[in-house]
Amino acid sequence: MKVGIRLNKQLEEVKQGIYINKNDPNYLEKCVHYSPNDRDRLYEYGLFLMEKGDTEKANKYLQKASTLGHVKAKRQLNQNLITQTIPALPRWLPFLYLSIVLAGFLALVLIQ
């Protein structure tokens, strides 16, 4: 953070005269609120939201961090796009593949 003056290890100044406790459960959300152009905090908050399962909101913050030049945020957005675009494969698909391979192997063994 640009201001970054520390009173102690627990508090961080996010804006002149505004301090946030690092142990606050809403720490990242407050950092983003008071420093909306801090690309590192936007990225961290986007990752936090991804972990919570709020992909749509996470993408919004990752996009803003990416626009501000955060390279990892851009990579994460691309990864999210791939995972959200490609549907998950059914769980039974590997078993189907294995069954086909085994059937082919048995056919070869039985023919000889």
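Begin by selecting Lys30, which at 32% relative accessibility counts as partly exposed, and keep in mind throughout that the model on screen is a predicted one. With lysine 30 highlighted, add aspartate 24, because the two form a salt bridge in which the closest N and O atoms are 2.5 Å apart. Aspartate 24, at 19% relative accessibility, counts as buried, a value that falls on that side of the division because buried means under 20%.

**The charged network**

How many salt bridges does the structure hold? There are four of them, and those that share partners join Glu12, Lys22, Arg41 and Glu44 into one network, which makes a convenient second selection. Side chains of opposite charge can pair when their charged atoms come close.

Centre the view on glutamate 12, and draw the distance to lysine 22, whose side chain meets that of glutamate 12 in a salt bridge at 3.8 Å, N to O. Glutamate 12 lies in strand β1 and lysine 22 in the loop between β2 (18-21) and α1, so this pair ties together parts that are ten residues apart in sequence. The two partners can also be compared by their surroundings: glutamate 12 is buried at 5% relative accessibility, whereas lysine 22 is partly exposed, with a relative accessible area of 32%.

Now turn from lysine 22 to arginine 41, whose side chain meets that of glutamate 12 in a further salt bridge, at 2.9 Å from N to O. This pair links distant parts of the chain, with arginine 41 in helix α2 and glutamate 12 in strand β1, 29 residues apart. Are arginine 41 and glutamate 12 buried or exposed? Both are buried.

**Along helix α2**

Arginine 41 leads into α2, so select that helix next, as residues 39-52. The helix has 14 residues and reaches 20 Å from its first C-alpha to its last, close to the 20 Å expected at 1.5 Å a residue. At its start, a side-chain oxygen of aspartate 38 reaches to within 3.2 Å of the backbone nitrogen of aspartate 40, and just after the helix, glycine 53 takes a positive phi of about 95°.

Within α2, colour the buried residues, which are Arg41, Leu42, Tyr43, Tyr45, Gly46 and Leu49. What covers these residues? The cover includes β1 (11-15), α1, α3 and α4, and showing those elements as surfaces or sticks lets you follow it.

**Tyrosine 45 and the aromatic cluster**

Of the buried residues in α2, take tyrosine 45 as the next centre, since its relative accessible area is 4% and it is therefore buried. Leaving aside its neighbours within four places in sequence, tyrosine 45 is in contact with Leu28, Glu29, Val32, Lys57 and Tyr61.

A search of the whole structure finds two aromatic pairs. One of them joins tyrosine 45 and phenylalanine 48, which are stacked at 6.2 Å centre to centre with 15° between the planes. Both residues lie in helix α2, three residues apart, about one turn of the helix. An α-helix has 3.6 residues a turn, so residues three or four places apart point the same way. Phenylalanine 48, at 32% relative accessibility, counts as partly exposed.

The rings of tyrosine 45 and tyrosine 61 have their centres 4.8 Å apart and their planes at 80°, so this pair is edge-to-face. The pair links distant parts of the chain, tyrosine 45 being in helix α2 and tyrosine 61 in helix α3, 16 residues apart. Tyrosine 61 is buried, with a relative accessible area of 15%. Selecting Tyr45, Phe48 and Tyr61 together shows one aromatic cluster.

**The nonpolar core**

Which residues have the most contacts inside the largest nonpolar core? They are Tyr45 and Tyr61, in a core of 16 residues. The elements that give two or more residues to this core are α1 (27-34), α2 (39-52), α3 (55-67) and α4 (71-85), so colouring these helices separately helps in tracing it. In soluble globular proteins, nonpolar side chains tend to be buried together.

As a last stop, go to helix α1 and select cysteine 31, which counts as buried at 0% relative accessibility. Add tyrosine 19, which is twelve residues from cysteine 31 in sequence and 9.4 Å away in space, C-alpha to C-alpha.

Conventions: Residues are numbered from 1 along each chain as its sequence is written. This is a predicted model: local features need pLDDT of at least 70, side-chain atom pairs count only at pLDDT 80 or more; totals for chains, interfaces and linings use all residues. Side-chain values use heavy atoms; hydrogens and water are left out. A nonpolar core is a set of buried Ala, Val, Leu, Ile, Met, Phe, Trp, Tyr and Cys residues joined through side-chain atoms within 4.5 Å. Buried means under 20% relative accessible area, exposed over 50%, partly exposed in between (1.4 Å probe, protein chains only). Helices (H or I, at least four residues) and strands (E, at least two) are DSSP runs, numbered from the N terminus. Contact means heavy atoms within 4.5 Å. The expected span of a helix is 1.5 Å times one less than its number of residues. A polar contact is a pair of N or O atoms within 3.5 Å; within protein, one must be able to donate a hydrogen and the other to accept it, and residues adjacent in sequence count only if both atoms are side-chain atoms. Rings of Phe, Tyr and Trp (its six-membered ring) pair if their centres lie within 6.5 Å; planes under 30 degrees apart count as stacked, over 60 as edge-to-face and the rest as tilted. A salt bridge is a side-chain nitrogen of Lys or Arg within 4 Å of a carboxyl oxygen of Asp or Glu.
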